[in-house]
Amino acid sequence: MSQPENKQGQVETTGHVWDGDLREYNNPLPRWWLWAFYITIIFSVIYWILYPAWPYGDTYTKGISTVEYTVEGENGEEKTVTEHWNTRALFTKNMQSSPSALAQQEWVNKVKDMSFEEIEQDPDTLQFAMSVGHGTFGDYCAACHGAGGQGKIGLFPNLADNAWLYGNSYETIVSKIAGGINGMMPAQNVAEDKIDDLAKYVLSLSGNAEISGEAASRGKQAFASCAGCHGQNGKGNEAMGAPNLTDAIWDVADVPGCKGDTACQMEEIKHVVNNGIQRQMPGFGDRLTDTQIRMLAIYVRQLGGN
Amino acid sequence: MKHESIEINSGLLIVLTLMVISIGGLVEIVPLFHIEETVEEVDGVRPYTPLELRGRDIYVREGCYTCHSQMIRPFRDEMLRYGHYSLAAESQYDHPFQWGSKRTGPDLARVGGKYSNEWQTQHLVDPQSLVPESIMPGYPWLLEDELDYSQIEERMVALKRVGVPYSQSQAEYDANVEKFGQEMADKLHVSNATQVLEDQAAAEDWDGKPGQITEMDALVAYLQMLGTMVDFSKYEDGHFNQFR
């Protein structure tokens, strides 16, 4: 490899000599590399001028670059705030005026101004509400109710069937999402000799079992204490969230899991009667905006196939 | 000093090298202790109660931070998914902080109150039973193991030494009453710790096993508290921009 030589025709060295004959060349740095180095220095100086950079005392240089965003003043009018460049101010601005935020806001405003019935009639708005609702559902609801709303028997209600514990009006769904639900059935104290008849009677309401004669009347008699919530005929009560027991849809007792084995089905029913139910859903009114909850309600309602 | 004397004296070379390379770190870290805006002024942030503190210890022990961050960044998509971005003030009593660096699972900075206690317990025991597509491992022993809180006072004292305002003296207690209110100050008093922990474990059905204080009680109590201390509805849009 050839070495650049100086005017005297010698290769320049640093002047150090090791072990008698080892020398270190002192070649100039490559020109392109040197310029790149100078440019990074210039870049850093420009950066210091524009952006927050140098600390001093209890504060720091804030730079001359700024971010503008609007806030709501005390009297409700909008006022513009100019803040030195920083990621939080950029974020505030981004939430207000980035193209995607504006595009979304336009549709959110539409949903805000329309009633549920109007949204149902407007395919574009409905599609927007459904897609936001789907995303929100995935994040907030799917952990318990499942990605498809299928729920988990015994723990979290199935939202994908057309049975609604509290009814399926939009207003109810919105209020439940916002305020949460405390689902509660007290444990029943049913005498040993009556509970089998009661379990069978409950199963017979949805045609899962046959019961007749004296057993039926004993079961019906025992059911009297259930009727306060579930109704005389077991049709349920949406105001209390007491499920309809006649529709063969099971949310807590895993009757379908018994695959037609009546003894197993009775055990499931007896377990619920003896232990009661305690299910809680947190309210999301503090986490989601009213409009987000409305869009979520639209999504949840159609999960049940209305 | 001649350059040659540095080159031939390795001890001196090491000392001088350390000095030079530490400049970068010092310039970035030291000012954070002096700059007033580093930790935001915000209402509501308090030290952890004894039960939450043990829950946090379990969170660290089980390595939750290797998959879950506790740091919501100020980006629109993060806001839409997780809520308000995290404040420095919200982890001011964390030693060490749990910001994490990798999200194999979701961020947990505001997971408190998002799911029910029942869900948290069931999910920690067997995540796939609730979220079939999840790759999180189960932690069933948390529900079996009794919580060891015999050293709770020592743990609080240790944190107190690094600046967490747990109280031991009357003056410290009074300062806490001033700052966090009487009810909370009682919970942060070191000599009350055992009783406070047992009361909090009994006050709510954290893990579906009333009457028994398990590790699950502590962890669920900790998780349900995460991100709930600051009421952001009290602050207008962009309020926290002034601290940056």
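This is a short tour of a predicted model, chain by chain and contact by contact.

**Stop 1: helix 1 of chain A**

Select residues 31-50 of chain A. This is helix 1, with 20 residues. At 1.5 Å a residue, helix 1 should span 28 Å. The C-alpha atoms at its ends are 29 Å apart, so the expected and modelled spans agree. Now look at the surroundings of helix 1. How many of its 20 residues are buried? The count is zero, so helix 1 of chain A is hardly covered.

**Stop 2: helix 3 against helix 5**

Stay in chain A. Select residues 99-113, which form helix 3. Add helix 5, residues 123-145. The two helices pack with their axes 10 Å apart, at an angle of about 105 degrees. Angles from 65 to 115 degrees count as roughly perpendicular, so helix 3 of chain A is roughly perpendicular to helix 5 of chain A.

Show the side chains where they meet. From helix 3, pick A:W107, A:K110 and A:V111. From helix 5, pick A:T125, A:F128 and A:A129. By class, this contact has four nonpolar residues, one polar and one charged.

**Stop 3: the two domains of chain A**

Colour chain A by its domain assignment. Domain 1 takes 111-180 + 282-303, and domain 2 takes 183-280. Their C-alpha centres lie 29 Å apart. Where they touch, nine residues of domain 1 are in contact with ten residues of domain 2. On the domain 1 side, the touching residues are five nonpolar, three polar and one charged.

**Stop 4: chain B**

Hide chain A and show chain B. Which secondary structure elements does chain B hold? There are twelve helices and zero strands. Fit the view to the principal axes: the C-alpha atoms fill a box of roughly 75 × 50 × 40 Å. Chain B has 244 residues, and 33% of them are buried. Consider its contacts with a separation of 6 or more. Of these, 71% join residues 24 or more positions apart.

**Stop 5: where chain A meets chain B**

Bring chain A back. Here 30 residues of chain A are in contact with 26 residues of chain B. On the chain A side, several elements each supply at least two residues. Among them are strand 5 (66-72), strand 6 (78-84), helix 5 and strand 8 (277-281). Which element gives the largest share? Select helix 2 of chain A, residues 87-97: helix 2 supplies seven residues, the largest share of that side. By class, the side of chain A that touches chain B has 15 nonpolar, eight polar and seven charged residues.

Notes. Residues are numbered from 1 along each chain as its sequence is written. Chains are lettered from A and ligands numbered from 1 in the order in which they are written. This is a predicted model: local features need pLDDT of at least 70, side-chain atom pairs count only at pLDDT 80 or more; totals for chains, interfaces and linings use all residues. Helices (H or I, at least four residues) and strands (E, at least two) are DSSP runs, numbered from the N terminus. The expected span of a helix is 1.5 Å times one less than its number of residues. A residue is buried if 20 or more other C-beta atoms lie within 10 Å of its own, exposed if 12 or fewer, and partly exposed in between; C-beta atoms are placed from the backbone. Domain bounds come from an automatic or database domain assignment. Two residues are in contact if their C-beta atoms, placed from the backbone, lie within 7 Å. Ala, Val, Leu, Ile, Met, Phe, Trp, Tyr, Cys and Pro count as nonpolar, Asp, Glu, Lys and Arg as charged, and the others, Gly among them, as polar. Axes are lines fitted to C-alpha atoms, for helices over the stretch in contact, and angles run from 0 to 180 degrees between N-to-C directions. Angles under 35 degrees count as roughly parallel, over 145 as roughly antiparallel, 65 to 115 as roughly perpendicular and the rest as oblique.
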